[in-house]
Each structure stands twice: as C-alpha cells, then as structure tokens.
Amino acid sequence: MPDLQTLMSGLVIGESPRWHEDRLWFSNWGAQEILAVDVEGNSEVMARVPTTIPFCFDWLPDGRMLVVSGPEALLLRMEPDGTFVTHANLGGLAAGFNEIVVDGRGNTYVNGGDFDFETGEGAESGVVVLVHPDGSVRQVAENIVFGNGMVVTPDNSTLIVAESWARRLSAFDIAADGGLSNRRVWADLGDDPPDGICMDAEGAVWYGTVPNKRCVRVHEGGEVLQTIETDLACFACMLGGESGKTLFIMAAEWPGPENMDVLFESHTGQVLIVEAPAPGTGWP
C-alpha cells in the first residue's frame, strides 16, 4: 500500500478538484474561494465566489472558468478582470445544482435536483442539464438519485455520473449533439455512496466516499481494484502531478448535514496525496 501524505490542511471542505496548469485547483466550501496548490504545498486564492455551497467549477476549451452557483441555479463565467457574470440560468430545471464537467467539444454538463439533503426527500428528482457552447440549455437526463461527481471518457463518447444515494456509477452514451442515451449501471458500489470521481488511463474510476472514509478504484462492472483508507471523510479525488499518477484526495471531518455550522468553524479539511497505478484521463 503506497504511503498517504498530507499536502495541505486548514481547509473547510475541499471539493471539485481539477488538475490545471500544473497545479491542483479546488473549491474551499465554506470559505467561498477557489484555491490552487502545487505539489510542494504552495497555495493561492484564484477566485472568490459569491455563493454558499455547493459551488463546483471547470473550464471551457478557450480557458474561461465556469462555476456552478448551486443554490441560485446559475452557471457563472469568470471574466478576465476576475468578476463573475451569468453564463447560463438553470432555473426552472431544478431547485439547485451541484457538479459540472466540460467535455472535449465544449459541452457542459451540470447535475442538480429538488431533494432535501437532510431528510432525503425527493431523492430521485435529480437531473443532468446540458449547456451548449452557444449558451442554450436543455435537460438530458432525469431520475438521477442525488447526482455528484461526473467524468467524460477521453473519446467524448460516455458520461459517467456518481449517484450518491443509489450507491452506483451510471453511464450514458453521448450523442453528436451532446444528448444522452442508453443509461446503464456502470458499477454497483455496494454500501459506498460515491461523491467526487475521476478516471484513469486504464479505464478505471476512482471515487471518494464520505461515510466510509475511503477512496476506491473500481472497474466497469464493479470490480474493486484498490482502496485507500483514511481517517477522514473523502469528498472527491483527482489524478494529476508531473506523471499524472498522483491521486489528490479532498478529505475532512464530517459531522453530518445537521451540524454544518460546526463544520464551517472546525477547518479540518485536508488535501491528501498518494501514488496511483495509472495516470488520469478524460474530463475533467
């Protein structure tokens, strides 16, 4: 088992990790900021986001950053001066939105729903929304059971969605126009509710799980290839580093949704790193 190391600490909750321009970028939920950290642990604030949680982000092919302003059901775009403007209004499609991935053709997928995070009511109300490069918006999937992390395969043919409350990874074929079809279970995860996910060059997916405090590498069909156990809840993961084989894990203590005030005051969030067997691929 490779050694697990701490790259950074003192965060609230690190989420939406992305390897970009030779650094790990991530949202620091509870602090309303997006940070970037290098492999030596040097970090800086790259953006301050005018929302609460969730807020996740990715980049268009031309380098412009998009940020999901979850509670407001908005997709924001960062301008050259650092300010945010509305890129797309997702209102009317769901009460709130969560994760985002931009594929290699510039199509943006965002998931959300009308569920109650504390009670689980409305669990199957989740949707996936497609924002085309021209800014037009349409729903492309429904009945997502609390959508979380998403990845697009490197050939732009498949979208994989983590359905946390269904404890599975689901896959869709991506059509030429960005639409989704042929929904199927990519992997049944047993008692693990998946959060953030990433894909490697051997076709496996890594996922973080909050209640079971681990990060797991799984193949299509559900075969578990590797498990990284931690002492903290694992919210998301991303492959990056010089070789692409460093697994960055966003971890923090999790007191439960009923104790969010305690969470925001505790600053237990960490970025953990460990070497993985294969480099990252696909989007993000």
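Colleague: What share of the 284 residues of the protein chain counts as buried?

Modeller: Burial is read from relative accessible area, with under 20% as the cut-off. In this predicted model, 56% of the 284 residues of the protein chain count as buried. The accessible surface of the chain comes to about 11,300 Å², and 45% of that area belongs to carbon and sulfur atoms.

Colleague: What radius of gyration does the protein chain have, and what would a compact globule with 284 residues have?

Modeller: The idea is to set the chain's value beside the one expected from its length: a compact globule with 284 residues would have a radius of gyration near 19 Å, and the protein chain has 17 Å, which agrees. Taken along the principal axes, the C-alpha atoms fill a box of roughly 45 × 45 × 40 Å.

Colleague: How many helices and strands does the protein chain have, and what percentage of its contacts between residues at least 6 apart in sequence join residues at least 24 apart?

Modeller: The chain has 1 helix and 25 strands. Among the contacts between residues at least 6 apart in sequence, 46% join residues at least 24 apart.

Colleague: Where do the charges lie on average, and how many are positive and how many negative?

Modeller: One compares the mean position of each kind of charge; here there are 15 positive and 42 negative charges, and their mean positions are 4 Å apart.

Colleague: How many salt bridges does a search of the whole structure find?

Modeller: A salt bridge is recognised when a side-chain nitrogen of Lys or Arg lies within 4 Å of a carboxyl oxygen of Asp or Glu, and the search finds 14 of them. Among them is the pair of Asp-62 and Arg-64, whose closest N and O atoms are 2.8 Å apart; Asp-62 is exposed at 51% relative accessible area, while Arg-64 is partly exposed at 34%.

Colleague: Is Arg-77, which has a relative accessible area of 16%, buried or exposed?

Modeller: Arg-77 is buried, because its 16% is under the 20% cut-off. Its salt-bridge partner is Glu-79, with the closest N and O atoms 3.0 Å apart, and Glu-79 is partly exposed at 25%.

Colleague: Which parts of the chain does the pair of Asp-191 and Arg-214 tie together?

Modeller: Asp-191 and Arg-214 form a salt bridge with their closest N and O atoms 3.5 Å apart. Asp-191 lies in the loop between strand S17 (180-188) and strand S18 (194-200), and Arg-214 lies in strand S20 (residues 214-218), so the pair ties together parts that are 23 residues apart in sequence. Asp-191 itself counts as exposed, at 52% relative accessibility.

Colleague: Which residues are linked in a network of salt bridges?

Modeller: Glu-163, Arg-168 and Arg-183 are linked in such a network.

How values were computed:
Residues are numbered from 1 along each chain as its sequence is written. This is a predicted model: local features need pLDDT of at least 70, side-chain atom pairs count only at pLDDT 80 or more; totals for chains, interfaces and linings use all residues. Side-chain values use heavy atoms; hydrogens and water are left out. Helices (H or I, at least four residues) and strands (E, at least two) are DSSP runs, numbered from the N terminus. The radius of gyration is taken over C-alpha atoms; the globule rule is 2.2 Å times the number of residues to the power 0.38. Buried means under 20% relative accessible area, exposed over 50%, partly exposed in between (1.4 Å probe, protein chains only). Contact means heavy atoms within 4.5 Å. Accessible areas come from the Shrake-Rupley method with a 1.4 Å probe; for residues, only the protein chains shown count as cover. Lys and Arg count as positive and Asp and Glu as negative; His and the chain ends are not counted. The place of a charge is taken as NZ of Lys, CZ of Arg, CG of Asp or CD of Glu.
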